[in-house]
Amino acid sequence: MARHDPEHDCIDPHHHVHDAQAFVRAVELACQERGLRLTPIRARVLRLIAGAGRPVKAYDLLDMVRSGEGAGADAPPTVYRALDFLLANGFIHKLQSVNAFVACHHPDSDQHSVPFLICNRCHNAVELEDADVVASLDERARALGFVPQAQTLEVHGLCAQCAQLDGETG
């Protein structure tokens, strides 16, 4: 089992995906290494998600693609296919509870499970890397004879900034 390494945790929502162009370049490189094709619409959807800085809903992505020019502007269903590709290859995560998408902090890794902290006020989402939490859930499920196929762990509350505004820290 991988050990928890606090020095490498992603606990800042802007820690890795702060430059959408650089993120798309990193995904392009990962696609080349894996023999995948990052089509113009896939790259565009990825750029929109990475540039948003917070979770983006599919309908909002559709509106962004329609309102612009370029790949996918005249064929909105391609946005959903692009999302499927990006999810399947671990470049983005879907936040199930809010039905939105965020860029994965590690575009060079395969699809993986990570817990998310989601602020109910500002809607920022933090990809909280903790292999121990993921492994513990998997082990506990298997101990009960359950065969896990996917994990979704989302914790809702207030981020540090919003909690401080409310005086609700601690």
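The legends below accompany close-up views of a predicted model.

**View 1. Overall fold of the predicted model, with six helices and six strands.**
Read from the N terminus on, the elements of the protein follow the order α-α-β-α-α-β-β-β-β-α-β-α. The protein has 170 residues, of which 38% count as buried. Among contacts between residues at least 6 apart in sequence, 57% join residues that are at least 24 apart.

**View 2. Helix 1, residues 20-34, and its two ends.**
Helix 1 comprises 15 residues and reaches 21 Å from its first C-alpha to its last, which is close to the 21 Å expected at 1.5 Å a residue. At the start of the helix, a side-chain oxygen of Asp19 comes to within 3.2 Å of the backbone nitrogen of Gln21. Beyond the other end, helix 1 is followed by Gly35, a residue whose phi is positive, near 75°.

**View 3. The buried and exposed faces of helix 1.**
The buried residues of helix 1 are Ala20, Phe23, Val24, Val27, Ala30 and Cys31. Seen down the helix axis, these buried residues fall within an arc of 115°, so they line one face of helix 1. An α-helix has 3.6 residues a turn, so residues three or four places apart point the same way. The buried residues of helix 1 pack against three elements of the fold, namely helix 2 (40-52), helix 4 (77-88) and strand 3 (100-103). On the face turned away from this buried side, helix 1 carries the exposed residues Gln32 and Glu33.

**View 4. The largest nonpolar core, with its 28 residues.**
Within this core, the residues with the most contacts are Val45 and Leu83. At least two residues of the core are supplied by each of helix 1, helix 2, helix 3 (58-67), helix 4 and strand 3. Another core, of six residues, lies apart from it and includes Val102, Val114, Phe116 and Ala125. In soluble globular proteins, nonpolar side chains tend to be buried together.

**View 5. The surroundings of Val45 in helix 2.**
Val45 has a relative accessible area of 0% and is therefore buried. When residues up to four places away in sequence are not counted, Val45 touches Leu61, Val79, Ala82, Leu83 and Leu86. Of these contacts, the one with Leu86 joins residues that stand 41 residues apart along the chain, and the C-alpha atoms of Val45 and Leu86 are separated by 8.9 Å.

**View 6. Strand 4, residues 116-119, paired with strand 5 and with strand 6.**
Strand 4 and strand 5 (residues 125-127) run antiparallel and are joined by three bridges. Strand 4 also pairs with strand 6 (residues 154-157), here in the parallel sense and over four bridges. Leu117 takes part in both pairings: its bridge partner in strand 5 is Val126, while its bridge partner in strand 6 is Val155.

**View 7. The hairpin of strand 4 and strand 5, with five residues between the strands.**
His123 is found in the loop between strand 4 and strand 5, and its phi is near 70°, a positive value in a residue other than glycine. With a relative accessible area of 44%, His123 is partly exposed. Asn124 has its place in the loop between strand 4 and strand 5 as well, but at 16% relative accessibility Asn124 counts as buried, because the cut-off for a buried residue is under 20%. When residues up to four places away in sequence are not counted, Asn124 touches Gly53, Arg54 and Pro55, together with Leu117, Ile118 and Cys119.

**View 8. Asn99 in the loop between strand 2 (92-95) and strand 3.**
Although Asn99 is not a glycine, it has a positive phi of about 50°. The relative accessible area of Asn99 is 40%, and the residue is therefore partly exposed.

Conventions: Residues are numbered from 1 along each chain as its sequence is written. This is a predicted model: local features need pLDDT of at least 70, side-chain atom pairs count only at pLDDT 80 or more; totals for chains, interfaces and linings use all residues. Side-chain values use heavy atoms; hydrogens and water are left out. The expected span of a helix is 1.5 Å times one less than its number of residues. Buried means under 20% relative accessible area, exposed over 50%, partly exposed in between (1.4 Å probe, protein chains only). The arc is that of the directions from the helix axis to the C-beta atoms. Contact means heavy atoms within 4.5 Å. A polar contact is a pair of N or O atoms within 3.5 Å; within protein, one must be able to donate a hydrogen and the other to accept it, and residues adjacent in sequence count only if both atoms are side-chain atoms. Two strands pair if DSSP finds at least two bridges between them. A nonpolar core is a set of buried Ala, Val, Leu, Ile, Met, Phe, Trp, Tyr and Cys residues joined through side-chain atoms within 4.5 Å.
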